[in-house]
Amino acid sequence: MFKKTAIAAAIALASTSIAVPATAQLTQQGGLVNVTITDVTILENFLNDTQIAALNNIGVPITVQVPVGIAANVCGVSAAVLGAAGSAAKCTATSGSQALAQQVNKQMLRQKK
């Protein structure tokens with residue numbers, strides 16, 4: 001009886017120690033990443049001509065802060081790599097997305113939508 005209880009306790013302990021790192025990873029991925037855009041044409045499918053012209057007037061490169069998931073998507077970098085970099089995380093966008101365009105619109109053009 002003691003042997004079965006000890007095995008069950010060991011399995012429970014092993015399960016707990018595996019779950020802790022997964023929780024820590026999720027917490028790290030909630031941070032912001034500085035994404036640099038060196039070519040605003042990557043946003044052409046997501047912003048209108050007036051917005052693109054306004055960004056060109058601001059000048060490139062431009063940098064916006066976005067969640068890790070968005071940065072990983074537009075930079076082609078693993079979310080785990082960006083999350084591990086913590087507050088120093090940064091990358092250069094190689095493609096656009098609606099989510100990136102929304103953040104550019106909000107942070108650079110100061111438009112709500």
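## A first look at Val35 and its surroundings

Leaving aside neighbours within four places in sequence, Val35 is in contact (heavy atoms within 4.5 Å) with Ile62, Thr63, Val64, Val66, Ala71, Val74, Cys75, Cys91, Ala93 and Leu100. This is a predicted model, in which local features need pLDDT of at least 70 and side-chain atom pairs count only at pLDDT 80 or more, while totals for chains, interfaces and linings use all residues. Residues are numbered from 1 along each chain as its sequence is written, and side-chain values use heavy atoms, with hydrogens and water left out.

**The strand around Val35**

Let us start with β1, which covers 32-37; helices (H or I, at least four residues) and strands (E, at least two) are DSSP runs numbered from the N terminus. Which side chains of β1 are buried? Val33, Val35 and Ile37 are, and they point to one face, while Leu32, Asn34 and Thr36 point to the other face and are not buried. Buried means under 20% relative accessible area, exposed over 50%, and partly exposed in between (1.4 Å probe, protein chains only). In a regular strand the side chains alternate between the two faces of the sheet.

**The sheet**

The strand order is β2-β1-β3, in an open sheet of three strands with mixed pairing. Its edge strands, β2 and β3 (90-92), each pair on one side only. From one strand to the next, the twist averages 30°. Two strands pair if DSSP finds at least two bridges between them. β1 pairs with β2 in the antiparallel sense over six bridges, and with β3 in the parallel sense over three bridges. Asn34 has a bridge partner in β2, Gln65, and another in β3, Lys90. Leu32 stands opposite Pro67 of β2.

**The core and helix α5**

The largest nonpolar core has 26 residues, and Val35, Ile37, Leu43 and Leu100 touch the most other members. Such a core is a set of buried Ala, Val, Leu, Ile, Met, Phe, Trp, Tyr and Cys residues joined through side-chain atoms within 4.5 Å. Two or more residues come from each of β1, α2 (49-58), β2 (62-67), α3 (68-75) and α5 (98-107). The largest share, six residues, belongs to α3.

Helix α5 lies across β1 and β2 and runs at about 120° to β2; axes are lines fitted to C-alpha atoms, for helices over the stretch in contact, and angles run from 0 to 180 degrees between N-to-C directions. Its buried residues are Leu100, Ala101, Gln103, Val104 and Asn105. Among the elements that cover them are β1, α2, β2 and α3.

**A disulfide and a cis bond**

Cys75 and Cys91 are joined by a disulfide, S to S 2.1 Å, where the cut-off is a pair of cysteine sulfur atoms within 2.5 Å. The torsion about their S-S bond is about 65°, so this disulfide is right-handed. Cys75 sits in helix α3 and Cys91 in strand β3, 16 residues apart.

| Residue | Relative accessible area |
|---|---|
| Cys75 | 8%, buried |
| Cys91 | 10%, buried |

Elsewhere, a cis peptide bond joins Val60 and Pro61, with omega about 5°. Pro61 belongs to the loop between α2 and β2.

**How far to trust the model**

The mean pLDDT (the predictor's confidence in each residue, from 0 to 100) is 78, and 72% of the residues reach 70 or more. Over residues 5-29, pLDDT stays under 50, and the model has six contacts beyond four places in sequence for them. Where pLDDT is low, the predicted coordinates should not be read in detail.
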